[in-house]
Amino acid sequence: MYLGNALPKSLTVSGTDIANLSSVWNVIDGERQGVRVVAFDCKIGTGKGSRRRTVIAVQRPDEGLRYLAGNLELHRSNDWSLLYGPRASMIQPGLMPVTELSGYIEAL
């Protein structure tokens with residue numbers, strides 16, 4: 001389901017590298033193999049120090065997701081596991097191509 005510019009209320013990013021979200025867009029919410037998945041693009045921070053990322057949030061423990069993470073960061077916030085581009089490259093634009101996003105979601 002396309003949600004536009006609003007994250008579901010149950011999804012939190014507190015305590016992660018992306019906790020300082022200044023905007024979100026392209027939010028989609030659904031299920032894959034009985035597991036809730038939310039994917040979205042976001043801007044972290046403001047001004048010249050801001051950066052963009054695509055985030056995949058999976059509502060389940062991160063065990064079992066480590067194999068999927070590959071070169072993505074894997075963080076936990078409440079009952080959500082969050083996958084997104086590594087901090088080391090966060091100074092560059094980092095929106096994920098749709099084909100890459102689809103691949104990660106299909107691998108869940």
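## Strand partners and a loop residue

In this predicted model, A57 has L82 as its bridge partner in β6.

Reader: How many bridges hold β4 and β6 together, then?
Author: Strands like these pair through backbone hydrogen bonds, parallel or antiparallel. Here β4 and β6 (residues 80-84) go for the antiparallel sense, and the number of bridges is three.

Reader: And how many bridges join β5 to β6?
Author: These two strands also run antiparallel. One of the contacts has S77 with W80 as its bridge partner in β6. The count for β5 and β6 is five bridges.

Reader: Which residue takes a positive phi in the hairpin of β5 and β6?
Author: The hairpin leaves two residues between its strands. With a phi near 55°, the residue you're after is N78.

Reader: Zooming out, which are the edge strands of the open sheet?
Author: Its six strands come in the order β1-β2-β3-β4-β6-β5, with antiparallel pairing. An edge strand here pairs on one side only, and that fits β1 (2-4) and β5 (73-77).

Reader: By how much are neighbouring strands of this sheet turned against each other on average?
Author: Take the sheet with the order β1-β2-β3-β4-β6-β5. Ignoring direction, the average turn between neighbouring strands is 20°.

Reader: Is T46 buried or exposed?
Author: T46 sits in the loop between β3 (35-44) and β4 (51-58). Its relative accessible area is 62%. The cut-off is over 50%, so T46 counts as exposed.

Reader: How far apart in space are T46 and S22?
Author: In sequence, T46 and S22 are 24 residues apart. From C-alpha to C-alpha, the distance in space is 6.6 Å.

How values were computed. Residues are numbered from 1 along each chain as its sequence is written. This is a predicted model: local features need pLDDT of at least 70, side-chain atom pairs count only at pLDDT 80 or more; totals for chains, interfaces and linings use all residues. Side-chain values use heavy atoms; hydrogens and water are left out. Helices (H or I, at least four residues) and strands (E, at least two) are DSSP runs, numbered from the N terminus. Buried means under 20% relative accessible area, exposed over 50%, partly exposed in between (1.4 Å probe, protein chains only). Two strands pair if DSSP finds at least two bridges between them. Axes are lines fitted to C-alpha atoms, for helices over the stretch in contact, and angles run from 0 to 180 degrees between N-to-C directions.
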